[in-house]
Amino acid sequence: MKNFLASATTALFTAGVFIAISLVALVVCPFFHESGHALACYAQGYSVIHFSPFGFHPRTDCTENNTWVSAAAGTAASVTMWFVITAILNHWLLLRYRGNLAWLSLFSAVWFAWSYIFLGEVLNWAWLVHSTRNPPPDTARFATVTHIRPQWIIGGAWTLAAIVVASAARLVWKIIWAFFAFLPSSQLQNAESN
Ligand SMILES: [Zn+2]
C-alpha cells in the first residue's frame with residue numbers, strides 16, 4: 001500500500017510538472033510575446049487585425065507590421081517579463097516557499113522550462129536573422145526595416161543571452177541549495193545543530 005501510494009504520488013507529481021511545462025510553452029510564453037506585438041501596434045496608432053497568442057503557431061497581425069518597433073516588441077515583452085518574474089522569484093517567492101517541497105518543485109520546474117524557452121527566443125534573433133521564411137521571423141523583419149547589419153543583431157542576441165544566463169545563475173544556485181536542504185543528511189545535520 002505504501003509502495004502504491006509512493007508511486008501514485010510520483011506519477012501525479014510527474015504529470016503536474018509536465019502540465020506546468022506545457023502550460024508555460026503553449027500559453028504563458030506566446031501570450032507575453034504576442035501581447036508585446038499587439039501593444040506596440042496600438043502604441044504606434046495602428047490596429048490589430050489578428051491576435052492568436054496561444055498554441056503552436058501564435059500570431060499577431062497589425063495593419064502595419066513593417067516597423068522596427070513592431071518587430072522587436074514581442075521579444076522586448078518576453079525580456080521584460082522574464083527579468084521582472086525572475087526578480088520576484090529571487091527576492092520573494094523563494095524565501096517564502098523554500099520550506100515547502102511541492103511549491104518549490106512546481107515553481108522551479110516552471111521557471112526552468114520558461115527560462116529554457118525564453119533563451120531559445122533570444123537566440124532565435126541570432127539563428128533566424130538570415131531566414132527567408134514567409135512570414136519572416138521577427139529578427140529578419142527587424143534587419144530588413146532597420147538595415148542594421150545581421151552581424152550586429154547576432155552579436156546583440158548573444159550578448160543578451162549571456163546577460164540572461166548570468167542573471168539566472170544566482171537563482172539556479174539558490175534553488176539547488178533549497179533542494180539540498182530536503183536531503184535526509186542535511187535534515188539530520190539541522191537536527192543536530194538545533
Ligand atoms: Zn514575434
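**Entry 1: a serine to start from**

I began with S108, which is buried, with 21 other C-beta atoms within 10 Å. The cut-off for calling a residue buried is 20 or more such atoms, so S108 qualifies. I should say right away that I am working with a predicted model. Next I looked up where S108 sits, and found S108 in helix α3. Out of curiosity I checked S108 against H33: the two are 75 residues apart in sequence, and their C-alpha atoms are 21 Å apart in space.

**Entry 2: stepping back to the whole chain**

How many helices and strands does the protein chain have? I found six helices and two strands. Reading along the sequence, I wrote down the pattern α-β-β-α-α-α-α-α.

Then I looked at the overall dimensions. The C-alpha trace spans about 65 × 35 × 30 Å along its principal axes. The radius of gyration of the protein chain is 21 Å, whereas a compact globule of 194 residues would have one near 16 Å. I also looked up burial, and buried residues make up 23% of the 194 residues. For contacts with a separation of 6 or more, I noted that 64% join residues 24 or more positions apart.

**Entry 3: α1 against α2**

Now for the helix pairs. Two packed helices are described by the angle between their axes and the distance between the axes, and I kept to that habit.

Helix α1 covers residues 2-43 and helix α2 covers residues 68-97. I read a packing angle of about 135° for this pair, with the axes 7 Å apart. Angles over 145 degrees would count as roughly antiparallel, so this pair is oblique instead. The crossing of α1 past α2 is right-handed.

Which residues of α1 meet α2? On the α1 side I listed C29, F32, H33, E34, S35, G36, H37, L39, A40 and C41. Their partners in α2 are V69, S70, A73, G74, T75, A76, A77, S78 and M81. So H33, my partner for S108 in the first entry, turns up in this list. By class, the residues of this contact divide into ten nonpolar, eight polar and one charged.

**Entry 4: α2 against α3**

Back to the helix that holds S108. The axes of α2 and α3 come within 11 Å and cross at roughly 155°. That makes α2 roughly antiparallel to α3. Here α2 passes α3 in a left-handed crossing.

From α2, the residues in this contact are T75, S78, W82, L89, L93 and Y97. From α3, they are W103, L104, F107, W111, F118, E121, V122 and W125. I counted the classes as eleven nonpolar, two polar and one charged. A pleasing detail: T75 and S78 of α2 meet residues of α3, and T75 and S78 are also on the list for α1.

**Entry 5: α2 against α5**

Are α2 and α5 roughly parallel or roughly antiparallel to each other? Their packing angle is about 30°, with the axes 10 Å apart, and they are therefore roughly parallel. The crossing of α2 past α5 is left-handed.

In α2 I noted T86, L89, N90 and L94; in α5, they meet S167, A168, R170, L171, K174 and A178. This contact divides into five nonpolar, three polar and two charged residues. L89 of α2 caught my eye, as L89 meets α5 here and is also listed in the contact with α3.

**Entry 6: α4 and its surroundings**

Helix α4 runs over residues 138-146, and I found D138, T139, A140, F142 and A143 buried there. What covers these buried residues? The cover includes α2, α3 (101-127) and α5 (150-180).

**Entry 7: two backbone oddities**

Most residues other than glycine have a negative phi, and most peptide bonds are trans. I went looking for exceptions.

One is the peptide bond from N134 to P135, which is cis, with omega near 0°. P135 is in the loop between α3 and α4.

Another is H147, just after α4. H147 has a positive phi of about 60° although it is not a glycine. Its place is in the loop between α4 and α5. Is H147 buried or exposed? H147 is exposed, because 7 other C-beta atoms lie within 10 Å and the limit for exposed is 12 or fewer.

Notes:
Residues are numbered from 1 along each chain as its sequence is written. This is a predicted model: local features need pLDDT of at least 70, side-chain atom pairs count only at pLDDT 80 or more; totals for chains, interfaces and linings use all residues. Axes are lines fitted to C-alpha atoms, for helices over the stretch in contact, and angles run from 0 to 180 degrees between N-to-C directions. Helices (H or I, at least four residues) and strands (E, at least two) are DSSP runs, numbered from the N terminus. Angles under 35 degrees count as roughly parallel, over 145 as roughly antiparallel, 65 to 115 as roughly perpendicular and the rest as oblique. A crossing is left-handed if the near helix is turned anticlockwise from the far one by less than a right angle, and right-handed if clockwise. Two residues are in contact if their C-beta atoms, placed from the backbone, lie within 7 Å. Ala, Val, Leu, Ile, Met, Phe, Trp, Tyr, Cys and Pro count as nonpolar, Asp, Glu, Lys and Arg as charged, and the others, Gly among them, as polar. The radius of gyration is taken over C-alpha atoms; the globule rule is 2.2 Å times the number of residues to the power 0.38.
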